[in-house]
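Dear colleague,

Please find below the structure I am handing over to you, with its sequence. My findings follow directly after it.

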Amino acid sequence: MSATLERPGPALATPRTVAPGKDSRKLIRSQVRAGWVLIAPALLHSGIFIVIPVVAAVVLSFTDYSFGDSWAWVGFQNYTDLFRDQDFRAALVNTILYAVVVIPVSMALSLLIALGLNQKIRGLGFFRTAFYIPTVTATVAVATIWLWIYNPGSGLANGFLSLFGFAPSAWLSDPGTALPSLMVVGIWQGLGTKIIIYLAALQGVSRDLIESASLDGAGRWQTFANVTWPALGPVQFFVLITSIAGTFQVFDLVYVMTKGGPGTETTVLVLDIYQNAFQALRLGFASAETVVMMILIAIFIGLGRLLQRADVND
C-alpha cells in the first residue's frame, strides 16, 4: 500500500511580543496630548485675560502709576494710604455687608424654589422660565425697572405699602434703606442661575435612596436632611464660590441705581476702584484696592471650604 505524502503547509507567523504595559503607556501619552490640545484655548484665554492682568495689578499696586509717562516705585505706600482712606473703608464694609446678606439669603431662597420646581405642578415650564428671566436680562434694564419700583412718589413699593397704612419711604435716598434696597435687587436678580443649578442637582439625586427612606418611615424633612442635603454638597460649594466671586464684584447695579450714594452708603469696592482708576487716575492706588479685594474673595472662599468640610464630616 502506497503511503500518501502530504505537503507541509506554510509556517504560522510567530506573534510579536509586546512589552507589558507598553500599549497602555502609549495610550495614556496620546490622551494627555489630546487633553492639552483641548484645554489650550482655555489656558490661552486665562493667561491673557486673567493671569497677566492679575500680575500687572499686583506690580502696579507698588507704584504711583497714573496713566502718565513717569512713575515711581512706592512700595507699600498705597496699602498704607488705602486703610487710611475713609471712602475705601466705607466701600470695604458695604461690600462685606452686601455679601454676608445676599449670598446666604439668595442660596436659601434658590434652593427652596428649586425644591418647589422639582415637583409635578401645573405650569412648571412657565415658572421655571419666569424665575430665570431676570438672570438673562441686562443689569441696566433691571436697575431701571427697580428705580421705578423704588420711586418715592409713584413707585410700586410705596404704593403697595400704602395699602397697609405705611408711610412712603425714599428707598435709595435714605441712608438707612439704600444698601438694603440694593440687596433686595441683588438677591432677586441672582436667583435664576442658582435655581437652575440646584434643580439639575436635585434631579440627579438617587430616587432609590429617596424611596428607601420613605419605606423606612422617614418624613419629608428627614429625607431631605439625610438624603437630599448630603447629595447637594459639591453643588452647594460650587454655588457658594460663584456667588462670592459675583457678589464681591457687584458694580453695574450700584452704578446705575445710586452711584454709591447717598454719601458713601452704597459705595462698594469695584465702584471705588473704578472711581480711583478712571476718574481720579490713581491707577496704583486702585490696583492696591484690587489686590485687597482678591485677598478678601480668597478668604471667603477658604471659609466656605472649611464649612463644607465640617458639613461633610458631620
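A nonpolar patch on the surface of this predicted model is formed by Leu44, Ile48, Phe49, Ile50, Val51, Ile52, Val54, Val55, Val58, Val59, Trp71 and Trp73. Together these residues have about 1,200 Å² of accessible area. One of them, Val51, belongs to helix H1. Its relative accessible area is 47%, so Val51 is classed as partly exposed.

Helix H1 spans residues 22–60 and also contains Gly47. Gly47 has a relative accessibility of 22% and therefore counts as partly exposed; the cut-off for buried is under 20%. With regard to distance along the chain, Gly47 and Pro234 are 187 residues apart, and their C-alpha atoms are separated by 27 Å.

The surface also carries a patch of positive charge, in which Arg25, Lys26, Arg29 and Arg33 gather. Of these, Arg33 may be singled out: Arg33 is located in helix H1. Because its relative accessibility is 52%, Arg33 counts as exposed, the threshold for that class being over 50%.

A further residue to report is Ser169, which is placed in the loop between helix H6 (156–162) and helix H7 (178–203). Ser169 counts as buried because its relative accessibility is 17%. Leaving aside residues up to four places away in sequence, Ser169 touches Pro152, Asn158 and Thr177.

Yours sincerely

Notes:
Residues are numbered from 1 along each chain as its sequence is written. This is a predicted model: local features need pLDDT of at least 70, side-chain atom pairs count only at pLDDT 80 or more; totals for chains, interfaces and linings use all residues. Side-chain values use heavy atoms; hydrogens and water are left out. Helices (H or I, at least four residues) and strands (E, at least two) are DSSP runs, numbered from the N terminus. Buried means under 20% relative accessible area, exposed over 50%, partly exposed in between (1.4 Å probe, protein chains only). Patches are made of residues with over 30% relative accessible area and no salt bridge: like charges are joined within 9 Å, nonpolar side chains (Val, Leu, Ile, Met, Phe, Trp, Tyr) within 5 Å. Accessible areas come from the Shrake-Rupley method with a 1.4 Å probe; for residues, only the protein chains shown count as cover. A salt bridge is a side-chain nitrogen of Lys or Arg within 4 Å of a carboxyl oxygen of Asp or Glu. Lys and Arg count as positive and Asp and Glu as negative; His and the chain ends are not counted. The place of a charge is taken as NZ of Lys, CZ of Arg, CG of Asp or CD of Glu. Contact means heavy atoms within 4.5 Å.
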